[in-house]
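Work through the exercises below with the structure open. Each task is followed by a solution in steps.

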Amino acid sequence: MSAYGLLWIAAAFTASRANIPVSQAIFWVGMILLLLPAAIRVIKPNVGRSERLAILMITGVALYMVKVLYSPILFTYLDELQHWRTVQNILISHHLYGFNPILTVSAVYPGLEIVTDALISLTGLTIFQAGLIVIGVGRLVAVLALFLLFERISTSSQVAGIGTLLYMANPHFLLFDAQFAYESLALPLAVLTLYCAMRYARLRGKGKLGFGLSAFGGMAAVIVTHHITSFVLASIFLLWTFILLIKIRPILNRLVPTWIGIFGLIGIMAWITFVATQAITYLSSPLTSAINDLIGLILGTRSARHLFVQTGVNQPDFLLLRFLAISAVVLILAGLPFGALKVWQKYRNNNLALVLTAIGLIYPVTLVVRYLPWGLIISSRTAPYIFLGIGFVLAVIYPNLRIPERNEWKYRSAFTAAVMLIFLGMIASGVAAWGLPVTYQQNSYTNSADLQGEFASQWVLNTFGPYRRVAAEQDLLWEMGAYGLQRSITPDTDRIWFDNFYSTPGLGPDKLQLLKSSKIQFLSIDQRNNSPLLLPKQAGTTSTGPVQAVPASQYISALSNIDQIRGISRIYDSGDIVTYDVGALTGEK
Amino acid sequence: MKNKLLDLMIVIVLALAALLLAFTGLQSALVRLFVMAPLVFFLPGYALTHLVFTSEQLDGWERILMSLGISLMVTIITGIILNQTPAGLQTTSWSIALASITLIAAVFALLKRRVMQAKKTPHLENRFRVMPAILITSAVILTAGAYFFARTTTNSLSHSFTSLWITPVDKNQPNVLQVGVTNMENSTVNYRLTVQAGGKVLEQFPSIPLQSGKTWNSQVNISGVTTASGPVTADLYRLDSPSKIYRTATWWPASP
């Protein structure tokens, strides 16, 4: 049934690309077909353990296939392009830590790219093909590890199955954590590390060594793969230690989470100190902004973020989305106290159960943070971690209810409906951010495949070689950096902004000076950004207030005189994308 | 009587096959994928699980998890170590490193198992059932069908385009330009190209029929063209729309 649901989803995405209105209805039908049979079977008692696990693995892979169907021929998310460049660097230089202009921090957390490079080097696959496989394998590891972790804690495959299913409902699981980016591999490794640590802590006598080595090895792998996941994992171990310490007298050989947590902290500090110093700047920026927003909100100098602002294109029906998302949140909030009570009643002797409960109970705080302008980013990024707790806490409710046998099917149906509503609501909030795929629009998160951008980028690479200084806007800049292997001049890396190119008409002396001071050799323009269809949707809210979209006429006129400027050669024209060689003016050859 | 060492022997053979393949340079993509991918994702972890875990500690599912997970960990850590070597991360170093880890672990695991005279080897449920096999096969076919459908329609619905470019052939020949056209319009298109400077036509290509996915290029000599006459301009037309310039590229000759 999951595969049948995928066919519907493939049809929905095709219809979306062809601008057929029923695409959204087809998408939701496909998601229900994909999820409902699995949910019914997993939640049912007296289902075999292997069957439950097999269903969950198939569901996990099927949900991953949704992302693959979303972008079946190219990586299109900006994050994916950034990590693509790191893989390219390794393939060319055969060494790590090469400069990545479109995400410098990616180069110093190379776990994902190491595995991808190994697969490419040994099999000859392309980066796209290898990347899909690596993330797919990570997905399998995540589902298996989560099920086995929950099962060991609860001693119930039913609780484990429900918990794993609910974890898959987290809004990042469908798309964001299925993309070719470091968090997508770090999360499965982190869950595996938790599982190994738990086994290590509970085993006595010989045989612990394997789990101990795996736990420390997993922690090390996470440290070099993703910064935030390593911080969260170390924090989980320290929280575990805290619960352990307040419950028992400290006995050194029982403090397994402590040693892993300390190892993790030392490893994180050492990695940042000696390899990944740019992670401090990279991570502190959104955090600082969020703190400033909070202070501003308290003092009344900043306004709260408006919820439910449309930001993607071709989004599903907005009222329906809102209903689903709110229903899911309400169900989770309502279920958490009951689940926490059940955990306390039945599993309080298991310290990891208490840790997961504590994590799940952070969820309401993340909702409040969403009111901060920068809070949305921070709150949404916590979802994959918070849902480790939410999944477990909600999963223990139904199997531990005392239900008369004649009413069992009613309770099971209600619980299944609740799980489905949570799933669909969380998917709605994830899909709402990006919308269904379309043919190219600016903002790669809804891009289906920008073949023109890929071709233009590779043309520059094939004609002029790599590492030329290129200026372009948004998607094309990332494509030039990834597919084109160029030295893209980006705001994050170079602190140079080319925004005024498009907000004022003409290419005047100030813009020429900016090109010269930035030593730009190629200036690429994507004229699809001029589409009036796009511009109204680009307005959004930032911490400084609403962003005004640049009117199409102003955008078009911004570079209207460039073809008349002596010395600037229009070397490439593919209709929408035009590349100029400005080296004669800037001195870059 | 089942050979209780069969699984580890298969692991050893596969690791050796991977090593051999890496050095023979066989190009068959399928063969490389099926032999090499397990070396990255499964074999090291499987061998190591049999070395460091007892058969009672892991059931079938746990062994799969640990095999996959430990293989990922081993690959990542191996990559960090290989980075410190002059060879770095490339085919030969990867194949030697991963195959060596797998072989050493498998051999020691094999010896350990013989010594311990393990009574059983862990295995998944090994009864073959027809219905699950049919269902799984159907699911795989449907999934593959969904993927190829999405891929095909994405290709056809993606914006088609034609690209035109103009660049010097190389630094040593600044008076020779290369002009090129690539057709990505999903159908054969007939183009016309005119190259001119200062109002004077340098080259005309009255008919360039080009299939979709193909590229045409030619060289144009611009000796005698100076910046005073403006840039060299290449105008591309579609023969089905002969009066409208479809693409334009320009090149400013170097100043004397």
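## Exercise 1: A covered helix

The buried residues of helix 15 of chain A are A:N351, A:L352, A:A353, A:L354, A:V355, A:L356, A:T357, A:I359 and A:G360. The model is predicted.

**Task.** State how many residues of helix 15 of chain A are buried, and find the residue that caps its N-terminal end.

**Solution.**
- Step 1. Take the range. Helix 15 of chain A covers residues 351-360.
- Step 2. Apply the cut-off. Buried means under 20% relative accessible area.
- Step 3. Count. 9 of the 10 residues are buried, and the helix is mostly covered.
- Step 4. Look at the N-terminal end. The cap is A:N350. One of its side-chain oxygens lies 3.0 Å from the backbone nitrogen of A:L352.

## Exercise 2: The largest cavity

**Task.** Give the volume of the largest cavity, then sort its lining by element and by residue class.

**Solution.**
- Step 1. Count the cavities. There are 6 of 30 Å³ or more.
- Step 2. Take the largest. It holds about 120 Å³ of space.
- Step 3. List the lining. It consists of A:I135, A:G138, A:R139, A:A142, A:L146, A:Y167, A:F173, A:D177, A:S184, A:L187, A:P188 and A:V191.
- Step 4. Assign elements. Helix 7 (127-154) and helix 9 (182-202) of chain A each supply at least two lining residues. Helix 7 of chain A gives the most, with 5 residues.
- Step 5. Assign classes. The lining divides into 8 nonpolar, 2 polar and 2 charged residues.

## Exercise 3: A four-strand sheet in chain B

**Task.** Which strands stand at the edges of the open sheet of 4 strands in chain B, and what does each lack?

**Solution.**
- Step 1. Set the scene. Chain B has 6 helices and 7 strands. From the N terminus, its elements run α-α-α-α-α-α-β-β-β-β-β-β-β. Of its 256 residues, 45% count as buried.
- Step 2. Write the order. The strands are arranged 4-3-6-7, with antiparallel pairing.
- Step 3. Read off the edges. Strand 4 (200-210) and strand 7 (241-251) of chain B have a single partner strand each, so one side of each is left without a neighbour in the sheet.
- Step 4. Check the twist. Neighbouring strands of this sheet are turned by 20° against each other on average, direction ignored.
- Step 5. Inspect one pair. Strand 6 (residues 232-238) and strand 7 of chain B are joined by 7 bridges and run antiparallel. B:T233 has B:T250 in strand 7 of chain B as its bridge partner.

## Exercise 4: A sheet with strands from both chains

**Task.** Give the strand order of the open sheet of 8 strands and name its edge strands.

**Solution.**
- Step 1. Write the order. It is 2(A)-1(A)-3(A)-7(A)-6(A)-1(B)-2(B)-5(B). The pairing is mixed.
- Step 2. Find the edges. Strand 2 (487-488) of chain A and strand 5 (215-221) of chain B each pair on one side only.
- Step 3. Inspect one pair. Strand 1 (residues 161-168) and strand 2 (residues 176-184) of chain B pair in the antiparallel sense over 8 bridges.
- Step 4. Take one bridge. B:W165 is matched with B:G180 in strand 2 of chain B.

## Exercise 5: Single residues in chain A

**Task.** Place A:Q82, A:S156, A:Y467 and A:R495, and decide for each whether it is buried, partly exposed or exposed.

**Solution.**
- Step 1. A:Q82 sits in helix 4 (residues 78-93) of chain A. Its relative accessible area is 9%, so it is buried. A:Q82 and A:L333 are 251 residues apart in sequence and 36 Å apart in space, C-alpha to C-alpha.
- Step 2. A:S156 lies in the loop between helix 7 and helix 8 (157-168) of chain A. Its relative accessibility is 18%, so it counts as buried. The A:S156 side chain reaches the backbone nitrogen of A:Q158 at 3.2 Å.
- Step 3. A:Y467 belongs to the loop between helix 19 (451-464) and strand 1 (469-471) of chain A. Its relative accessibility is 46%, so it counts as partly exposed. Its phi is positive, about 65°, although A:Y467 is not a glycine.
- Step 4. A:R495 is in the loop between helix 21 (491-494) and helix 22 (500-503) of chain A. Its relative accessible area is 55%, so it is exposed. A:R495 is not a glycine, yet has a positive phi of about 55°.

Technical notes
Residues are numbered from 1 along each chain as its sequence is written. Chains are lettered from A and ligands numbered from 1 in the order in which they are written. This is a predicted model: local features need pLDDT of at least 70, side-chain atom pairs count only at pLDDT 80 or more; totals for chains, interfaces and linings use all residues. Side-chain values use heavy atoms; hydrogens and water are left out. Two strands pair if DSSP finds at least two bridges between them. Axes are lines fitted to C-alpha atoms, for helices over the stretch in contact, and angles run from 0 to 180 degrees between N-to-C directions. On a 1 Å grid over the protein atoms alone, a cavity is a set of points where a 1.4 Å probe fits but cannot get out, and a pocket is an open set with protein on both sides within 12 Å along at least five of seven lines; lining residues have an atom within 4 Å of a point. Grid points are joined across faces, edges and corners, and a volume is the space filled by probe spheres set on the points. Ala, Val, Leu, Ile, Met, Phe, Trp, Tyr, Cys and Pro count as nonpolar, Asp, Glu, Lys and Arg as charged, and the others, Gly among them, as polar. Buried means under 20% relative accessible area, exposed over 50%, partly exposed in between (1.4 Å probe, protein chains only). A polar contact is a pair of N or O atoms within 3.5 Å; within protein, one must be able to donate a hydrogen and the other to accept it, and residues adjacent in sequence count only if both atoms are side-chain atoms.
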